[in-house]
Amino acid sequence: PGSTISLVSAYAHSQIDASGSIAYGDSRVKAAVTVAIAYGGTSVQHEVTVQVPAHILTAQEEVQADADALTFAQLANGNEAIEKVTQSLRLPTMGSEWYSDIAWSSDNEAVISKYGTVKRPAYGEPNAQVKLTATITLSSWSSAAGTATPVTKDFDVTVLAYSEQEYNEAKTKVENSLTALENYEFTYIDAEEPVDPGAVKF
């Protein structure tokens with residue numbers, strides 16, 4: 001009783017600075033610090049081991065961490081880039097870090113649905129611009145302290161219209177299919193004469 005303890009050196013501890021302030025990190029850190037113990041005009045130095053526990057995220061920090069970790073790479077599903085989308089996206093419904101809930105909305109459901117289904121503009125039409133919005137909320141499974149305000153994150157997506165080459169390739173395939181159909185002899189099971197393909201209705 002009556003003694004004072006002051007920090008002399010914490011150079012070996014990555015989580016404690018020279019002033020004694022503690023910075024909590026992602027993992028637990030254990031290292032030695034030197035303190036001075038003074039009493040009655042006498043002071044002695046002593047080395048003690050200090051363990052700083054890992055930082056425990058709050059509910060809001062968990063939601064923010066999942067929002068920060070959400071990138072187009074997680075949505076891409078084979079698409080080359082966010083400005084060159086040609087096929088459906090994979091929209092995650094759970095955060096990759098803390099399993100926060102993620103709900104999606106689209107400002108142009110005719111092109112990209114809230115489930116990620118893509119419908120490209122036809123050949124000759126302009127590319128379509130779509131804003132996808134992810135709303136990240138705290139998981140019901142979270143045990144983090146406190147409450148969390150939902151965090152939103154936008155993705156500005158460009159869906160490419162079909163190109164002339166794609167149009168011509170599709171047209172050729174259709175024409176080849178029709179040619180093959182015309183050359184095919186249809187026969188009713190109970191008929192003896194071939195059926196005129198032109199009379200077949202779909």
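Partly exposed, on this tour, means a relative accessible area between the 20% that bounds buried and the 50% that bounds exposed. Keep that handy. One more thing before you click: this is a predicted model.

**The whole chain**

Start with a cartoon view of everything. You should find three helices and six strands, and walking along the sequence gives the pattern β-β-β-α-α-β-β-β-α. The protein has 202 residues, of which 27% count as buried. Switch on a surface if you like: about 13800 Å² is exposed, with carbon and sulfur atoms supplying 53% of it. Take contacts between residues at least 6 apart in sequence, and 56% of them link residues at least 24 apart.

**Stop 1: the largest core**

Now select Leu89, Trp104, Ile112, Leu132 and Val159. These have the most contacts inside the largest nonpolar core, a set of 23 residues. To see where the core gets its residues, colour H1 (59-69), H2 (72-75), S4 (101-106), S5 (128-137) and S6 (151-159); each of these gives two or more. Strand S5 is the top contributor, with five residues. In soluble globular proteins, nonpolar side chains tend to be buried together.

Zoom in on Ile112. Which residues does Ile112 touch, leaving out those up to four places away in sequence? Show Leu89, Ser106, Thr117, Val118, Val130, Leu132, Val157 and Val159, and you have the list.

There is also a second, separate core, this one of five residues; select Ala10, Ile16, Val35 and Val52, which are among them.

**Stop 2: a nonpolar patch outside**

Go to the surface and pick Ile5, Ile37 and Val44. Together they make a nonpolar patch of about 260 Å². Ile5 sits in strand S1 (residues 4-9), and it counts as exposed because its relative accessibility is 62%, where the cut-off is over 50%.

**Stop 3: the loop between H2 and S4**

Next, select Gln87, which lies in the loop between H2 and S4. Measure from its C-alpha to that of Ile112 and you should get 9.7 Å, for two residues 25 apart in sequence. Beyond its neighbours within four places, Gln87 contacts Asn77, Gly78, Asn79 and Val118. With 36% relative accessibility, Gln87 is partly exposed.

Follow the Gln87 side chain to the backbone oxygen of Asn77, a distance of 2.7 Å. Asn77 belongs to the loop between H2 and S4. Is Asn77 buried, partly exposed or exposed? Its relative accessible area is 30%, so it counts as partly exposed.

Check the backbone here too. Most residues other than glycine have a negative phi. Asn77, though not a glycine, has a positive phi near 55°. Tyr99, found in the loop between H2 and S4, is another non-glycine with a positive phi, about 60°.

**Stop 4: Asn79**

Finish on Asn79, in the loop between H2 and S4. Its relative accessibility is 7%, so Asn79 counts as buried, the limit being under 20%. What do the polar atoms of its side chain reach? Draw two distances:

- to the backbone oxygen of Ala76, 2.8 Å
- to the backbone nitrogen of Thr86, 2.8 Å

Then show the residues that Asn79 contacts beyond four places in sequence: Phe72, Lys84, Val85, Thr86, Gln87, Ser88 and Leu89. Two of those names will be familiar: Gln87 from the previous stop, and Leu89 from the largest core.

Technical notes
Residues numbered from 1 in each chain as written. Predicted model: local features only at pLDDT ≥ 70, side-chain atom pairs only at ≥ 80, totals over all residues. Heavy atoms only, no water. Core = buried A, V, L, I, M, F, W, Y, C linked by side-chain atoms within 4.5 Å. Buried < 20%, exposed > 50% of the residue type's maximum accessible area, 1.4 Å probe, protein only. Helix = DSSP H or I, 4+ residues; strand = E, 2+ residues; numbered from the N terminus. Contact = heavy atoms within 4.5 Å. Patch = residues over 30% accessible without salt bridge, like charges linked within 9 Å, V, L, I, M, F, W, Y side chains within 5 Å. Areas by Shrake-Rupley, 256 points an atom, 1.4 Å probe, with all protein chains shown as cover. Salt bridge = Lys/Arg side-chain N within 4 Å of Asp/Glu carboxyl O. Polar contact = N/O pair within 3.5 Å; in protein donor to acceptor, adjacent residues only side chain to side chain.
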